[in-house]
Amino acid sequence: MTLARFTADDFNVFKIEGLEPRMDALKERIQPKLHALGENFSQQLSVMTGDEMYPHVARHARRKVNPPNDTWVAFAANSRGYKMMPHFQIGLWETHMFIWYAVIYEAPNKPEIGKKLEQQADQLVQSIPSDYVWSIDHTKPDVIPHDGLGVEDLNSMFHRFQTVKKAEILCGVRISRDDVIRMNNDDFMKTIQDAFEHLLPLYKLN
């Protein structure tokens, strides 16, 4: 399919009540776009990272009652899954789109990654764009703006990431639904490409 940006109809899927109706709408409206984005950007990320990157569209298979509040396509250097390793994500909540570099709690090498992040904290304070954000829990929309963070703030997050079993680290950009809706397809694709270029140094730490 032709690569296409997210529209108001896509964001409004998360207003649909009930697990089955929302999942049906996700599969019909959003997942085809996620698959197309996955095919396109897995090729680009493979070149950028030097690793063979595979796309994984969220299936939300474990949900039995509560409908998902967000959805995404993840990119990882493993054809069988992404949760155990550092990865990238493109996705959306009702209120915004996100583009992440992510290491979530399933990753077994969290302590090693956390130590490398600590060692680079001085550089990360300067190199991460000021309008980017951090998250310590991928299941919640809450974020920590990078603007104003110092080395001690980053190291506090990185230390928690190493020592707390359920701790996670995500860094990236979130764009309001209104801004996404106003984009044309070229701007939409460039926004994603620019984000991956800014987040690539984090991936290269692994």
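**Entry 1: the largest pocket**

I looked up the lining of the largest pocket and found 28 residues, with His60, Arg62, Trp72, Tyr82 and Lys83 nearest its centre. I noted that the model is predicted. Strands β1 (54-57), β2 and β3 each give two or more residues to the lining of this pocket. I put its volume down as about 890 Å³. Sorted by class, the pocket lining has 10 charged, 8 polar and 10 nonpolar residues.

**Entry 2: the largest cavity**

Next I turned to enclosed space. Rolling a probe the size of a water molecule over the atoms shows where empty space is left. I found 1 cavity of 30 Å³ or more in the structure. The largest cavity holds about 100 Å³ of space. Its lining is made of 14 residues, and Asp70, Trp93, Phe98, Trp100 and His138 are the closest to the centre. I asked which strand gives the most to this lining. That is β4, with 3 residues. At least two lining residues each come from β2 (70-76), β3 (87-93) and β4 (96-103). By class I wrote down 7 nonpolar, 4 polar and 3 charged residues for the cavity lining.

**Entry 3: salt bridges**

Side chains of opposite charge can pair when their charged atoms come close. I counted 4 salt bridges. I looked at three pairs.

In the pair of Asp10 and Lys33, the closest N and O atoms are 2.7 Å apart. Asp10 sits in helix α1 (residues 8-12) and Lys33 in helix α2 (residues 19-49), so I recorded a link between distant parts of the chain, 23 residues apart. Are these two residues buried or exposed? Asp10 has a relative accessible area of 2%, which is under 20%, so I entered Asp10 as buried. Lys33 is at 12% and therefore counts as buried.

Arg182 and Asp179 form another salt bridge, with 2.4 Å between the closest N and O atoms. Both belong to helix α6 (residues 177-182), where they are 3 residues apart, about one turn of the helix. Arg182 is exposed because its relative accessible area, 62%, is over 50%. Asp179, at 35%, counts as partly exposed.

For Asp194 and Lys190, I read 2.8 Å between the closest N and O atoms of the salt bridge. The two residues lie 4 residues apart in helix α7 (residues 185-204), again about one turn of the helix. Asp194 is partly exposed, with a relative accessible area of 26%.

**Entry 4: aromatic pairs**

A pair of aromatic rings is described by the distance of the centres and the angle of the planes. My count came to 8 aromatic pairs. One of them joins Phe41 and Phe196, which are 5.6 Å apart centre to centre, with 75 degrees between the planes, an edge-to-face pair. Phe41 is in helix α2 and Phe196 in helix α7, so this pair ties together parts that are 155 residues apart in sequence. I entered both Phe41 and Phe196 as buried.

The rings of Phe88 and Tyr101 have centres 6.2 Å apart and planes at 65 degrees; the angle is over 60, so I wrote edge-to-face. Phe88 belongs to strand β3 and Tyr101 to strand β4, so the pair ties together parts 13 residues apart in sequence. Phe88 is buried, at 0% relative accessibility, and Tyr101 is buried as well, at 1%.

Last, I checked which residues the ring pairs link into a cluster. They are Phe41, Phe75, Phe88, Tyr101, Phe196 and Tyr203.

Definitions and conventions. Residues numbered from 1 in each chain as written. Predicted model: local features only at pLDDT ≥ 70, side-chain atom pairs only at ≥ 80, totals over all residues. Heavy atoms only, no water. 1 Å grid on protein atoms, 1.4 Å probe; cavity = no way out; pocket = protein on both sides within 12 Å on 5 of 7 lines; lining within 4 Å. Points joined across faces, edges and corners; volume = space filled by probe spheres on them. Nonpolar A, V, L, I, M, F, W, Y, C, P; charged D, E, K, R; others polar. Salt bridge = Lys/Arg side-chain N within 4 Å of Asp/Glu carboxyl O. Buried < 20%, exposed > 50% of the residue type's maximum accessible area, 1.4 Å probe, protein only. Phe/Tyr/Trp six-rings, centres within 6.5 Å; stacked < 30°, edge-to-face > 60°.
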